[in-house]
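The following exercises concern the reading of a structural model. Each task sentence is followed by a solution in steps.

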Amino acid sequence: IVDRYQQALVMVKEATSSSSGEMRIGFLGTACQGFLSEFVSEFISSHPDIKLSLNCGNIDSLTTQLSEGKSDIGVITYINKDFQTGFESLEINRFRLFLITHPNHVFSRRDYISLSDLSGYPAVNFSAMTNPIASDYNRQLFKKSNSKYNVVSEITSIEEGIFFTSINQGFFILPEYLLMYVPETLCKVPIIDEHAYITLNLIWKKQNDNPAISPFVNEFRIYMKNHYNNTIDTKKD
């Protein structure tokens with residue numbers, strides 16, 4: 001009993017002080033610019049005995065890594081409701097969605113647009129085969145607005161989507177943080193629907209017993225509040 005008690009004390013100390021450990025983090029590079037590198041640097045300085053392993057990827061690969069236990073924490077966007085089961089998450093930020101069009105497109109000169117306006121018009125979307133999460137996200141957007149999402153071209157990358165848009169093969173939808181990749185020759189129109197945004201989230205498995213997760217999440221919450229005056233909501237299934 002005494003041995004187990006001492007062992008429990010050690011585990012509690014590790015969980016609260018974060019004196020040692022290793023943690024694997026997967027993140028979306030562009031969406032995390034402006035805060036993640038700064039926070040990680042501060043965390044490493046205050047927790048030198050915790051080894052952080054960071055991996056940059058797309059939403060589908062990062063989600064797979066979390067599901068398979070290859071990552072302890074993910075910094076990712078859209079979280080499918082089915083995927084939330086067994087996970088906890090913090091909402092970090094929300095990004096407005098934009099319509100990307102060719103200059104000759106009928107909606108290219110609009111100051112703003114709604115999803116219902118786009119109903120039935122040719123669209124460029126991610127492939128359900130190679131990018132299932134990204135593909136489903138846009139389809140759900142139109143479903144919520146009772147609009148028809150008329151996908152005429154399926155793509156596997158943002159660059160490919162921009163190319164199809166540049167030859168006027170359909171409109172493309174991107175979040176605000178990716179607009180830097182859109183050339184000036186294309187038009188960017190904000191989508192005004194209330195649900196036309198994408199969230200950035202910190203997410204981890206409930207059953208993950210890695211003691212480094214707790215101090216990382218707690219300090220991340222404090223960092224975001226102090227630096228961005230951001231209220232982060234904890235979501236549990």
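A residue is called buried under 20% relative accessible area, exposed over 50%, and partly exposed in between. The model examined here is predicted.

**Exercise 1. State which residues of helix 2 are buried and which are exposed, and explain how they are arranged about the axis.**

Step 1. Helix 2 spans residues 36–46, and its buried residues include Leu36, Phe39, Val40 and Phe43.

Step 2. Viewed down the helix axis, the buried residues of helix 2 fall within an arc of 100°, so they line one face of the helix.

Step 3. Ser37 and Ser45 are exposed on the other side of helix 2.

**Exercise 2. Determine which strands pair with strand 3, and in which sense.**

Step 1. Strand 1 (residues 21–27) runs parallel to strand 3, and three bridges join them. Within this pairing, phenylalanine 27 stands opposite valine 75.

Step 2. Strand 9 (residues 197–205) pairs with strand 3 in the antiparallel sense over four bridges. Here valine 75 stands opposite leucine 202.

Step 3. The two faces of strand 3 are then inspected. Ile73 and Val75 on one side are buried, as are Gly74 and Ile76 on the other, and both faces are thus covered.

**Exercise 3. Identify the residues that touch the most other members of the largest nonpolar core, and the strand that gives the most to this core.**

Step 1. The core holds 68 residues, of which Phe35, Val75, Leu202 and Phe216 touch the most other members.

Step 2. Strand 4 (residues 87–101) gives the most to this core, contributing eight residues.

Step 3. For the chain as a whole, 46% of the 237 residues count as buried.

**Exercise 4. Describe the surroundings of phenylalanine 172.**

Step 1. Phenylalanine 172 belongs to strand 7 (residues 172–175).

Step 2. Its relative accessible area is 0%; because the cut-off for burial is under 20%, phenylalanine 172 is buried.

Step 3. Once neighbours within four places in sequence are left aside, the contacts of phenylalanine 172 include Phe98, Leu99, Ile100, Val124, Phe126, Ile155 and Ile158. Gly161, Ile162 and Thr165 are also among them.

Step 4. Proline 122 is 50 residues from phenylalanine 172 in sequence, while the C-alpha to C-alpha distance is 9.3 Å.

**Exercise 5. Establish where serine 71 lies and which side chain it joins through a polar contact.**

Step 1. Serine 71 is located in the loop between helix 3 (59–67) and strand 3 (73–76).

Step 2. With a relative accessible area of 7%, serine 71 is buried.

Step 3. The side chains of serine 71 and glutamine 65 are joined by a polar contact of 3.1 Å.

Step 4. Not counting residues up to four places away in sequence, serine 71 touches Arg24, Gly26, Gln65 and Leu66.

**Exercise 6. For asparagine 146 and asparagine 168, give the phi value, the loop and the accessibility.**

Step 1. Most residues other than glycine have a negative phi.

Step 2. Asparagine 146 has a positive phi of about 55°, and phi of asparagine 168 is near 60°, also a positive value.

Step 3. Asparagine 146 lies in the loop between helix 5 (132–144) and strand 6 (150–155), whereas asparagine 168 lies in the loop between helix 6 (158–166) and strand 7.

Step 4. Asparagine 146 is exposed, with a relative accessible area of 75%; asparagine 168, at 34%, counts as partly exposed.

Definitions and conventions: Residues numbered from 1 in each chain as written. Predicted model: local features only at pLDDT ≥ 70, side-chain atom pairs only at ≥ 80, totals over all residues. Heavy atoms only, no water. Core = buried A, V, L, I, M, F, W, Y, C linked by side-chain atoms within 4.5 Å. Buried < 20%, exposed > 50% of the residue type's maximum accessible area, 1.4 Å probe, protein only. Arc of directions from axis to C-beta. Contact = heavy atoms within 4.5 Å. Polar contact = N/O pair within 3.5 Å; in protein donor to acceptor, adjacent residues only side chain to side chain. Pairing = 2+ DSSP bridges.
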